[in-house]
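Morning, everyone. Please bring up the sequence and the model, and we'll go through a few spots.

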Amino acid sequence: MSAWIERSDGIAIAVRVTPRSSRESFAAGTPDHFIARLTAAPVEGAANAALVPLVARAFDVPKRAVSLIAGDTARLKRLHISGDVTTLAGIAAAFYEAGT
């Protein structure tokens, strides 16, 4: 899987999460996933709850447009971001272009 896949109603992204980080950030990772660093601990869904607004800010969408679709208890998670496919894919690509 690539870091993102276009869907009819948005994109699905793969994110590798590092909880208990000193600061929060979202960036390009490997060709297979983005990287999210979260200050929240991976306890009782706190890291997942912190991931949604972080991704929403990164893609400039409301929090309700971001949903966790796989990896609830895993480090590697898959999220769906609802919205204009072209715009969201462009934002995703920009993360990787900025990293090169």
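Does Arg23 count as buried or exposed, and at what relative accessibility? One caution before the answer: this is a predicted model. Now the answer. Arg23 comes out at 56% relative accessibility. The cut-off for exposed is over 50%, so Arg23 counts as exposed.

Where is Arg23? Look at the loop between strand E2, residues 10-18, and strand E3, residues 25-30. Arg23 also belongs to a positive surface patch. Its partners there are Arg16, Arg37 and Arg75.

Next, the aromatics. Searching the whole structure gives 9 aromatic pairs. One of them joins Phe26 and Phe34, and that pair is stacked. The ring centres are 5.1 Å apart, with 25° between the planes. Under 30 degrees counts as stacked, so the label follows.

How covered are these two rings' residues? Phe26 has 11% relative accessibility. Phe34 has a relative accessible area of 0%. Buried means under 20%, so Phe26 counts as buried, and Phe34 is buried too.

Phe26 and Phe34 also sit in one aromatic cluster. The other members are Trp4, Phe59, Phe95 and Tyr96.

Last stop, helix H2, residues 85-98. Ile91 is found there. Its relative accessibility is 23%. Partly exposed runs between the 20% and 50% limits, so Ile91 counts as partly exposed. Now pair Ile91 with Ile81. They are 10 residues apart in sequence. In space, C-alpha to C-alpha, Ile91 and Ile81 are 12 Å apart.

That's my tour. Over to you.

Technical notes
Residues numbered from 1 in each chain as written. Predicted model: local features only at pLDDT ≥ 70, side-chain atom pairs only at ≥ 80, totals over all residues. Heavy atoms only, no water. Patch = residues over 30% accessible without salt bridge, like charges linked within 9 Å, V, L, I, M, F, W, Y side chains within 5 Å. Areas by Shrake-Rupley, 256 points an atom, 1.4 Å probe, with all protein chains shown as cover. Salt bridge = Lys/Arg side-chain N within 4 Å of Asp/Glu carboxyl O. Lys, Arg positive; Asp, Glu negative; His and termini not counted. Charge placed at Lys NZ, Arg CZ, Asp CG, Glu CD. Helix = DSSP H or I, 4+ residues; strand = E, 2+ residues; numbered from the N terminus. Buried < 20%, exposed > 50% of the residue type's maximum accessible area, 1.4 Å probe, protein only. Phe/Tyr/Trp six-rings, centres within 6.5 Å; stacked < 30°, edge-to-face > 60°.
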